[in-house]
Amino acid sequence: MKAEPVADLHTHTSYSDSKETPESLLQRARNAGLHTIAVTDHDTVTGLEESFAAAAHSGIEVVPGVELSCRHKSVEVHILGLWIDPSDTVLVEIIRKIEQSRFERAQKMVERLRGLGATIDFCDVESVAGRGVIGRPHVAQALVDRGRVESFHSAFRLYIGREGPAYVRKISITASEAIRAVHASGGLAVMAHPLVGGPQREHVRDIAAMGLDALEVDHPKLTTDESQWLREYAAARGLAVSGGSDWHGEGWSEGEMGDYGVSDTELRELFTRLPVNQTMQGGKNV
Ligand code: AMP
Ligand code: FE
Ligand code: FE
Ligand code: ZN
């Protein structure tokens, strides 16, 4: 039986592909009984400023984070950076590249959908995304809004899931580049949802050897067995563990906030792995 989570170290805002504003995300975290959350938007750090402003009056500690889309041996993997410096130039440059490729890739997916008879306009996708970095959830919602699919989830099943006919891969960086960028910005590099949607145990082993700090062992898409293997592997390799809900808002998420995350002890362990001279947000509680 795992300990009650006190911190959710994987969440998204409307600055990437979530329905939650930083304000509503923090409200939800408070209602879920958490004291800390990491804001880890896909390939952007633009939501962090507003998240800190919202944190100042919510009583919730915000850990500055990011979830970088990357690739290892042609498999898509996601690397979370926790306690990063969002102004770091290496990180900012990497993010700029990925953001641009996401925009072009969404245009390609719209073209493919048109060819498949599920016509939507790129401006439909842009209007769902608003200020957010464009991702597949925005395409899925545009398909729902235009009546091309019955539900958000069927958009993935029929068209834009990894095996779908309108799916287009992102141009992304390698896992080792992502880990280096996270470290350059003073953060901890965590492999997000390992063993989900592509990466196998061998990939986890490879990436662990690249200087990773922790594995995400608690996540709604991980089975109990996968979680257990990851915990054991992290312990054997001397890696810390992390966890989070990967919350994207009502209807766009798999699990509830408050059900996934790390215990106080696990949070402290992550904290001890930060570079000593780092000035940290999120440190007051531990
Ligand atoms: P992207 O980063 O643009 O490839 O989009 C990936 C995001 O789409 C994930 O972070 C989830 O938010 C969402 N997603 C991926 N697969 C599914 C699915 N089968 N059902 C619902 N959401 C999904
Ligand atoms: Fe997402
Ligand atoms: Fe992810
Ligand atoms: Zn995520």
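**Exercise 1. Start at D17 and work out which metal it holds.**

Step 1: D17 is buried, at 7% relative accessible area, where buried means under 20% with a 1.4 Å probe and protein chains only. A quick note before going on: this is a predicted model, with local features needing pLDDT of at least 70 and side-chain atom pairs pLDDT 80 or more, while totals for chains, interfaces and linings use all residues. Residues count from 1 along each chain, chains are lettered from A and ligands numbered from 1 as written, and side-chain values use heavy atoms, without hydrogens and water.

Step 2: Now look for donors, meaning N, O and S atoms within 2.8 Å of the metal (3.2 Å for Na, K and Ca); water isn't among the atoms, so sites may look incomplete. D17 (OD) joins H42 (NE2) and H248 (NE2) in coordinating the iron ion (ligand 2), at 2.1 to 2.3 Å.

Step 3: Read the spacing along the chain: D-x24-H-x205-H.

Step 4: Check H42, which is buried too, at 9% relative accessibility.

**Exercise 2. Classify the site of the zinc ion (ligand 4).**

Step 1: List the protein donors: H10 (NE2), H12 (NE2), E67 (OE) and D246 (OD), 2.1 to 2.2 Å from the zinc ion.

Step 2: Take the angles among the 4 donor atoms, which run from 82 to 169°. Tetrahedral needs all angles between 85 and 135 degrees; square planar (four donors) or octahedral (six) needs opposite donors over 155 degrees apart and all others between 65 and 115; anything else is irregular. This site comes out irregular.

**Exercise 3. Place the metals relative to each other.**

Step 1: From the zinc ion (ligand 4) to the iron ion (ligand 2) is 4.8 Å.

Step 2: The iron ion (ligand 2) lies 5.8 Å from the iron ion (ligand 3).

Methods: Buried means under 20% relative accessible area, exposed over 50%, partly exposed in between (1.4 Å probe, protein chains only).
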